[in-house]
Amino acid sequence: MGWRAWAPRPTSPSAPWSSIVPMTPPGALGGAPAVVSCVPGPLYAASSGQKKQQQSKPQGETRVRLKGGAHPGEGRVEVLKASTWGTVCDRKWDLQAASVVCRELGFGSAREALSGARMGQGMGAIHLSEVRCSGQEPSLWKCPHKNITAEDCSHSQDAGVRCNLPYTGVETKIRLSGGRSRHEGRVEVQTGGPGSLRWGLICGDDWGTLEAMVACRQLGLGYANHGLQETWYWDSGNTTEVVMSGVRCTGSELSLDQCAHHSTHIACKRTGTRFTAGVICSETASDLLLHSALVQETAYIEDRPLHMLYCAAEENCLARSARSANWPYGHRRLLRFSSQIHNLGRADFRPKAGRHSWVWHECHGHYHSMDIFTHYDILTPNGTKVAEGHKASFCLEDTECQEDVSKRYECANFGEQGITVGCWDLYRHDIDCQWIDITDVKPGNYILQVVINPNFEVAESDFTNNAMKCNCKYDGHRIWVHNCHIGDAFSEEANRRFERYPGQTSNQIV
């Protein structure tokens with residue numbers, strides 16, 4: 001994407017403007033064209049040729065961000081206060097305030113000011129209410145506003161925006177073919193230079209949810225429901241050449257060109273058009289968050305006798321050293337806690353596999369609908385894993401819901417599994433495998449980490465909030481879990497302080 005430093009007029013009415021310079025010579029009677037200096041906003045600068053230049057300049061951390069949007073330049077407005085991210089109440093939220101947000105983030109003016117949590121509900125603090133902007137302020141924090149308490153507003157009133165975006169043309173370099181609707185099909189991309197442009201397919205090797213998310217975003221079709229590695233059931237028409245392979249995305253890119261991929265040499269483990277990449281896109285997606293405060297409140301140690309752990313051992317819920325234990329004598333030391341997983345997105349969370357492929361586990365008497373639903377880890381300060389646990393989604397259901405939401409999923413009698421929007425699934429601390437086996441962990445300071453949907457098996461609108469971390473102090477007899485938070489809830493500086501809390505660097509009890 002090219003940006004001209006100087007042009008007679010902006011490339012788009014929504015392009016971010018940095019300055020307008022009148023070119024009228026002294027003494028001239030008439031006017032003259034103005035010259036506008038445009039600079040790309042952070043979203044575009046991160047992927048443009050100016051990336052190194054932008055990174056070389058020291059910049060303060062942004063205090064406004066968008067979350068939960070299906071397209072670039074839209075989402076729930078979140079602001080940073082006291083090193084913690086929170087939402088904005090929609091009372092008196094209007095187009096002027098939304099335009100301040102859009103301009104602050106490097107977009108153009110606002111196209112729409114959204115209320116009623118149209119971009120999904122946040123979780124945690126609500127920082128601002130009754131924001132009144134003139135539209136000219138450099139930051140939302142410069143607008144008159146009220147600081148509120150939790151009683152004044154609820155997350156069902158979270159404010160959002162849709163911004164006008166500069167035209168980049170990335171959507172013209174990708175298309176879908178063979179699908180039953182415009183939201184699905186085999187992915188085709190345009191490659192080559194002027195005079196040698198051609199359409200081709202993408203190798204399906206390692207193609208997954210993150211890559212599909214980028215493809216759907218580039219197409220302007222929202223999120224990816226599925227990233228498909230085989231598309232033999234979709235006719236590719238006259239396009240049969242594979243022109244891209246080794247695609248690996250982080251999920252935040254604006255186009256597949258920005259993802260890592262093989263440069264000129266195409267390498268596919270499985271050749272032929274039947275093993276090329278495809279997507280199924282959707283305008284909505286789920287968004288799972290763990291209630292971090294509940295983990296902190298319910299964490300404790302249990303020394304559980306081995307004769308009560310046969311089923312858990314069968315489902316690999318114990319550390320490897322348990323295999324050589326003197327069964328049924330002795331015990332294992334378990335760090336137990338409850339996990340309450342909320343769906344705050346705009347679509348129900350459903351297991352990737354249909355019920356026809358769920359696996360029955362006789363020992364515990366339940367079906368597994370996903371191999372791994374949650375990872376539980378104990379980490380040293382440098383990130384080394386010293387203990388781990390996992391949770392297969394043997395029962396995804398609506399344990400409780402918000403007042404205006406009805407339960408839809410219940411595991412009893414081979415019922416459907418999932419988490420409805422506005423509901424949460426509770427894994428109590430006294431359920432088998434709801435633990436980490438810390439029998440072999442030495443006393444010290446650690447990080448407790450919980451990651452939901454760790455393999456990205458099910459599409460979500462936001463994967464950055466799937467991890468929860470806590471500081472954890474263990475003296476060999478007792479354990480203290482504190483400072484639990486969702487991975488993206490703190491500022492960058494607060495996260496750095498979290499990683500270096502007293503005693504953490506030496507891994508000694510303090």
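**Two buried helices and a set of paired strands**

In helix α4 of this predicted model, the residues T209, L210, E211, A212, M213, V214, A215, C216, Q218 and L219 are buried, where buried stands for under 20% relative accessible area. Because 10 of the 11 residues of α4, which spans residues 209-219, are buried, this helix is largely enclosed by the rest of the structure. The elements against which the buried residues of α4 pack are β10 (174-177), β13 (223-228) and β15 (278-282). Following the helix comes G220, a residue whose phi is positive, near 80°.

Helix α3, covering residues 95-104, can be read along similar lines, with A97, A98, S99, V100, V101 and C102 as buried residues. An α-helix has 3.6 residues a turn, so residues three or four places apart point the same way. The cover over the buried residues of α3 includes the strands β3 (64-67), β4 (74-81), β6 (110-114) and β9 (160-163). Just after α3, G106 adopts a positive phi of about 90°.

The strand pairings can be followed by way of β7, which comprises residues 126-129 and runs parallel to strand β5 (residues 84-88), the two being joined by 2 bridges. Within this pairing, V88 is found opposite L128 of β7. Strand β7 is also joined by 2 bridges to strand β8 (residues 146-147), and here the strands run antiparallel; in this case S129 stands opposite K146 of β8. Strand β7 therefore has a parallel pairing with β5 and an antiparallel pairing with β8, given that two strands pair if DSSP finds at least two bridges between them.

Conventions
Residues numbered from 1 in each chain as written. Predicted model: local features only at pLDDT ≥ 70, side-chain atom pairs only at ≥ 80, totals over all residues. Heavy atoms only, no water. Buried < 20%, exposed > 50% of the residue type's maximum accessible area, 1.4 Å probe, protein only. Helix = DSSP H or I, 4+ residues; strand = E, 2+ residues; numbered from the N terminus. Contact = heavy atoms within 4.5 Å.
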